[in-house]
Amino acid sequence: MSNQLSTLLAQWYPQRSQAEWVLGTVYQTEGSSYRKAGAMMLFSSLGQQLGMLSGGCLESDIQLHARKVMQTGSAMTLRYDGNDEDDLSFQLGIGCGGVVYVLLQPVTAGNDYLGLEQVHQALSARQHGVYYQRIPEANGRVEGRFLLSEAVSGNSFHIKGQLIRDGDEQWLETPIVPEPHLLIVGGGLDARSVSAMAHTLGWRVSIWDPRPANARAEFFMSASDILRAPADTLTYFVSARRVDAAVLMAHNISLDGAALRALHQTPLRYLAMLGPSHRRDQVLEWAGLSIDDINMRLAGPAGLAIGAALPESIALAILAECHAVLAGGSTRSLSGVL
């Protein structure tokens with residue numbers, strides 16, 4: 001199950017009044033940490049844990065404190081120091097060496113579910129906004145609210161929260177951005193791996209393929225949409241449904257070309273084409289386009305050079321490149337080995 005906020009809230013929303021809930025949020029970090037400020041997790045009185053606030057090391061201890069929050073109805077802050085030999089996180093041998101601050105707040109009908117209903121509705125509609133949580137000086141008043149705002153859309157879906165001051169009060173301000181929406185052109189055998197892997201990442205996936213034998217629903221059960229309309233409808237679909245990225249992999253020059261012609265001036269942030277460079281040129285020629293006509297950089301051949309050969313590793317190469325572009329990351333090795 002994905003740890004995207006939209007996924008957590010989709011699980012929580014139908015059960016919001018069937019158990020007691022506590023929202024856990026990383027509101028500050030110092031040094032190295034697994035999750036950053038703005039990361040959220042939900043705990044229930046039935047023992048459910050939705051999401052992660054660490055690499056799985058601290059969640060059991062956080063759940064114990066969450067039960068205290070359910071009993072008192074007051075917010076609580078926790079501090080885990082990986083450098084302190086007397087601290088639980090050090091004793092668990094986490095090894096990150098950083099400091100993590102966690103805010104726990106009860107989520108009840110009485111406090112309007114901390115505005116999480118509005119966050120859930122916004123993410124379901126692929127809207128952007130800002131979520132505010134008050135950081136109490138000591139255990140105390142609970143407050144969370146959400147405001148719609150297209151100003152936070154930015155160029156990345158990987159956005160961290162930050163602490164701000166409002167008079168004497170401190171708040172965590174977290175941008176709320178929908179998970180990436182990927183359009184796969186072509187519903188063949190290798191598209192299944194791309195769709196399944198993107199779904200595991202928590203991304204929304206749509207498939208376009210007008211061929212009746214392709215993109216069969218039983219092989220793309222995690223896809224939000226399977227489209228069979230003419231290619232020119234993709235222009236509207238990308239804008240209306242806020243599609244972030246598209247991969248052309250129909251294994252058919254005319255289908256890839258028709259899709260490219262429909263997509264080349266859309267606001268996509270990643271556009272990729274499967275196959276070698278000479279095939280890319282054939283598709284461009286069929287579409288009557290040049291590289292300069294395309295509104296964004298065309299990744300063709302698609303993916304990173306990781307030595308991929310099987311459908312699964314090709315999917316990994318494509319989605320790793322796509323993730324780097326959408327998250328504003330790089331494709332360099334973290335260790336510098338490559």
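Where is the place of D225? The points below take up this residue and then turn to the charged pairs and a helix of this predicted model.

1. **D225 and its surroundings.** The place of D225 is in strand β12, which covers residues 225-227. With a relative accessibility of 14%, D225 counts as buried, because the cut-off for that class is under 20% relative accessible area. Its side chain takes part in two kinds of pairing worth listing. One polar contact, at 3.0 Å, is made with the side chain of S206. Another, at 3.2 Å, is made with the side chain of R241. When neighbours within four places in sequence are left aside, the residues in contact with D225 are V205, S206, I207, F237 and R241.

2. **Salt bridges overall.** Side chains of opposite charge can pair when their charged atoms come close. In this model the count of salt bridges comes to 13. Sharing of partners among salt bridges joins R126, E179, R204, D244 and R269 into one network.

3. **R79 and D81.** R79 belongs to strand β4, residues 76-81. A salt bridge connects R79 with D81, and the closest N and O atoms are 3.6 Å apart. Are the two partners buried or exposed? D81 is buried, at 10% relative accessibility, whereas R79 is partly exposed, at 43%. The side chain of R79 also has a polar contact of 3.2 Å with the side chain of Y101. As for Y27, it stands 52 residues from R79 in sequence, and the C-alpha atoms of Y27 and R79 are 10 Å apart in space.

4. **E143 and R145.** These two residues form a salt bridge in which the closest N and O atoms are 3.3 Å apart. E143 is partly exposed, with 22% relative accessibility. R145 is likewise partly exposed, with a relative accessible area of 34%.

5. **R279 and D256.** Which residue forms a salt bridge with R279? The partner is D256, and the closest N and O atoms lie 2.9 Å apart. This pair links distant parts of the chain: R279 is in helix α8 (residues 277-287) and D256 is in helix α7 (residues 253-263), with their positions 23 residues apart in the sense that they are 23 residues apart. Both R279 and D256 are buried.

6. **The buried face of α8.** The buried residues in α8 are R279, R280, V283, L284 and A287. Why do they line one face of the helix? Viewed down the axis of α8, the buried residues fall within an arc of 145°, and they therefore line one face. An α-helix has 3.6 residues a turn, so residues three or four places apart point the same way. The cover over the buried residues of α8 includes α7, β14 (270-273) and β15 (298-299).

7. **The other face and the end of α8.** Which exposed residues does the face of α8 turned away from its buried side carry? H278 and E285 are the exposed residues on that face. Just after α8 comes G288, which takes a positive phi of about 70°.

8. **Points to keep together.** R279 appears twice in this note: as a buried residue of α8 and as a salt-bridge partner of D256 in α7. Helix α7 is also among the elements that cover the buried residues of α8.

Conventions. Residues are numbered from 1 along each chain as its sequence is written. This is a predicted model: local features need pLDDT of at least 70, side-chain atom pairs count only at pLDDT 80 or more; totals for chains, interfaces and linings use all residues. Side-chain values use heavy atoms; hydrogens and water are left out. A salt bridge is a side-chain nitrogen of Lys or Arg within 4 Å of a carboxyl oxygen of Asp or Glu. Buried means under 20% relative accessible area, exposed over 50%, partly exposed in between (1.4 Å probe, protein chains only). Helices (H or I, at least four residues) and strands (E, at least two) are DSSP runs, numbered from the N terminus. A polar contact is a pair of N or O atoms within 3.5 Å; within protein, one must be able to donate a hydrogen and the other to accept it, and residues adjacent in sequence count only if both atoms are side-chain atoms. Contact means heavy atoms within 4.5 Å. The arc is that of the directions from the helix axis to the C-beta atoms.
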